[in-house]
There are 2 protein chains.
Amino acid sequence: MTRSGAGSSIKAVAALAGVSIATVSRVVNGVANKASAETTARVRSAVAALDYRPASAGRALRQRTSRLVAVLAANLANPAMAAIAASAEIALRKRGLVMVLCDTHDRPALQDEYLKEMQAQQARAIVLLAAVESPMLAAMRGGPTPIVFVNRRDPAGSAGLHVGIDNAAAGREVAVHCLDAGARTIAIIHGSLASSATSERVRAVREALAARGVPHASVVVETAEDDDHLAIGYRSAKRLLERSSPVDAVICTSDLIAFGAHRRYVEDGGAPPRLVGFDDSPLNDWIAPWLTSVRIPYENYGEAIVSLLAADDRAPAARIVPYRLMVRDGPSRNRGR
Amino acid sequence: MTRSGAGSSIKAVAALAGVSIATVSRVVNGVANKASAETTARVRSAVAALDYRPASAGRALRQRTSRLVAVLAANLANPAMAAIAASAEIALRKRGLVMVLCDTHDRPALQDEYLKEMQAQQARAIVLLAAVESPMLAAMRGGPTPIVFVNRRDPAGSAGLHVGIDNAAAGREVAVHCLDAGARTIAIIHGSLASSATSERVRAVREALAARGVPHASVVVETAEDDDHLAIGYRSAKRLLERSSPVDAVICTSDLIAFGAHRRYVEDGGAPPRLVGFDDSPLNDWIAPWLTSVRIPYENYGEAIVSLLAADDRAPAARIVPYRLMVRDGPSRNRGR
DNA sequence: AAAATCAAGGAAAACGTTTTCCTTAAGCCC
DNA sequence: GGGCTTAAGGAAAACGTTTTCCTTGATTTT
């Protein structure tokens, strides 16, 4: 006798119910027209009595696919990515899928290592939070394993499954917001343009400013070579402060960049300019009441991802979710009063 | 011919190398004295040529254990938990293990559901980030699957594997720090005392204050029934503000609670009291320069967890990692000047 | 009333590994 | 040179499922 609940096999259930293991399997998996109501009930109660749950290894072996879904995040230290992961986990679980979470540190080699590992795990699907191009990704593209690109589109062409916001529209709205708020000279601080999200945002801001008559050359664009967004913001703000003429508003392509810039301005002692970021998080209300930010509903990304996986091939291959500009004008900005 | 890299089986490798699958398995797994140098080389090059990696389902089935390690976090929205998860992922990966991350929302029923699922997955080990007591946990305790309790100790007795800081010492240090900084009346805001970490911190603070001659009754202790730490801090600070006499320092059992309290004070308009929290994160330097906090090296927790799993049964069953009080006195506190 | 469908369920194959036995040949010790 | 041990490697079992066949009655169709 095996210990009761733990790891009872299909054989034990079959024996207890007085049927073959085939029947148990069919009842558990809900195959129609293969068991009488009476048999079904007997099997069900045996399953409950033994607390049986099919061993995933056996199932995966036979079905040649596991219930694992890999989420490869570029940087888990980024609260936005963590939020997406948390949301994905819930949505996957609801479908009986299990999330495997990995941190690629935005490095192609590591991303490839994980892709290979997940192939060995026979992962049901791959979710890439901010993908980078890599050999293995190229090899798997078009293969049988669905790949969902979140935030950043597929780095090679925009064909793949995608979840994200309309970055161009958001960029325009941010630009217009700054102008409407009275800003005359505007700066942009951005991260790596290899990210489609970043490049789309930057381009949209510039175009919107140009369309409103702001001379192209008067827009200051800063960036820094660093994969830490905080550092990018800090160093870029430093350079903005070194300029002869100050700017009225700084548009950052992520909240972390804005945090970095804000710190630099605070250290400087003066009143920081209007700061705008992207991502937003409920935490901003608490710790960054000075930051206007494009709220991206990461808590809904999980469902969007899963629905994309469930959809048939003819459904639209992208879920563009709505964003919302959260205007904040809290303590820190007018600290100088 | 199967498509080259993808999912080649051990049979293909054996055929290419001209050996049996048994030999391939042994070479891949590094079994000594079972293959000549020449054979080993031939197998290795076949493995490389086909980009072979053992299917984990087959392996798990045979070995009756997978390479999955489950990390069950009480709340992924908490940056501290996310940081631990990120660190665990790296450490596990280094040992060829794969992290499965789940969010139990601090609910026993959900924790049990995950525990069952992970048993079906034949998880190699279970890591509980802030465990709650639950029937399934009780059933698995003492079973073959190692369980590591992180931050909170095993809710039923302190026998289990544990990674955390010396909360009593940290609590004392925080209390002394406040007194040394000149605080006369001190408040404590804490979360659920079901967490051993929280209760140990609160007790240590109170004892240290008493030892320094602060009358027991003069210490204000606040809390709120909520699983959102931000809300606990906010609501508790509200009550502190309603008191006739203000406090000089508020010790919070987590940074999130401190964030919540800070917001309430800022809304009030006056200068917030000295605020102290627990957890800390690199982000605090950027966004909460007003928060003194006990820095817990979550980035090292992954290694501590893994070392606990690797240790034999006679090694000490706990890893108490060093903490450090990060004293900050940035802009927001002396904003009133 | 023969033919055809269909529900119910069992036996056994298949999935891809690891590992236990075996076998063979070589080396070593006396 | 006979008994050891040992390296090298193959055949086959075992792991726990799902699923393909197959069989047997019962019911429906023609």
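This passage describes how two protein chains meet two DNA strands and each other in a predicted model.

The model is predicted, so local features need pLDDT of at least 70 and side-chain atom pairs count only at pLDDT 80 or more, while totals for chains, interfaces and linings use all residues. Residues are numbered from 1 along each chain as its sequence is written, chains are lettered from A and ligands numbered from 1 in the order in which they are written, and side-chain values use heavy atoms, with hydrogens and water left out.

We can start with the layout of chain A, which is divided into domain 1 (10-54), domain 2 (65-164) and domain 3 (167-295); these bounds come from an automatic or database domain assignment. Taken over C-alpha atoms, the centres of domain 1 and domain 3 of chain A are separated by 60 Å.

Turning to the DNA, strand D is surrounded by 28 residues, the closest being A:Ser25, A:Arg62, B:Lys34, B:Ser36 and B:Thr39. Here a residue is near a strand if one of its heavy atoms lies within 4 Å of it. Of the atoms of DNA strand D that come within 4 Å of the protein, 62% belong to sugar and phosphate. Individual polar contacts (pairs of N or O atoms within 3.5 Å; within protein, one must be able to donate a hydrogen and the other to accept it, and residues adjacent in sequence count only if both atoms are side-chain atoms) show which parts of the strand are reached. A polar side-chain atom of A:Ser25 is 2.5 Å from a phosphate oxygen of DNA strand D, and a side-chain N or O atom of A:Tyr52 lies 3.0 Å from a sugar or linking oxygen of that strand. A:Arg62 reaches a base instead, with a side-chain N or O atom 2.6 Å from a base oxygen of DNA strand D. Two or more residues of the surface near this strand come from each of helix 2 (21-28) and helix 4 (56-63) of chain A and helix 2 (21-28) and helix 4 (56-63) of chain B. Helices (H or I, at least four residues) and strands (E, at least two) are DSSP runs, numbered from the N terminus. Helix 4 of chain A gives the most to this surface, with 5 residues.

DNA strand C also has 28 residues around it, and A:Lys34, A:Ser36, A:Thr39, B:Ser25 and B:Arg62 come nearest. Sugar and phosphate make up 60% of the atoms of DNA strand C that come within 4 Å of the protein. A side-chain N or O atom of B:Tyr52 is 3.0 Å from a sugar or linking oxygen of DNA strand C. Bases of DNA strand C are approached by a polar side-chain atom of B:Arg26, 3.3 Å from a base oxygen, and by a polar backbone atom of B:Gly58, 3.2 Å from a base nitrogen. On this surface the most residues, 5, come from helix 4 of chain B. By class, the surface has 11 nonpolar, 10 polar and 7 charged residues, where Ala, Val, Leu, Ile, Met, Phe, Trp, Tyr, Cys and Pro count as nonpolar, Asp, Glu, Lys and Arg as charged, and the others, Gly among them, as polar.

The protein chains also meet each other: 52 residues of chain A are in contact (heavy atoms within 4.5 Å) with 52 residues of chain B. Between them, chain A and chain B bury about 4,500 Å², with 64% of it on carbon and sulfur atoms; buried area is the accessible area (1.4 Å probe) that two parts lose on being put together, summed over both. In chain A, the most area is lost to chain B by A:Arg53, A:Trp286 and A:Ile287, together 16% of what that side buries.

Charged pairs appear here too. Between chain A and chain B there are 6 salt bridges, each a side-chain nitrogen of Lys or Arg within 4 Å of a carboxyl oxygen of Asp or Glu. One links B:Glu113 to A:Arg53, with the closest N and O atoms 3.6 Å apart. Helix 6 (108-120) is among the elements that give two or more residues to the side of chain A touching chain B, and helix 6 of chain A gives the most, with 7 residues. By class, this side has 31 nonpolar, 9 polar and 12 charged residues. Another salt bridge joins the side chains of A:Glu117 and B:Arg53 at 3.1 Å, N to O. This pair crosses between chains, from helix 6 of chain A to the loop between helix 3 (37-50) and helix 4 of chain B.
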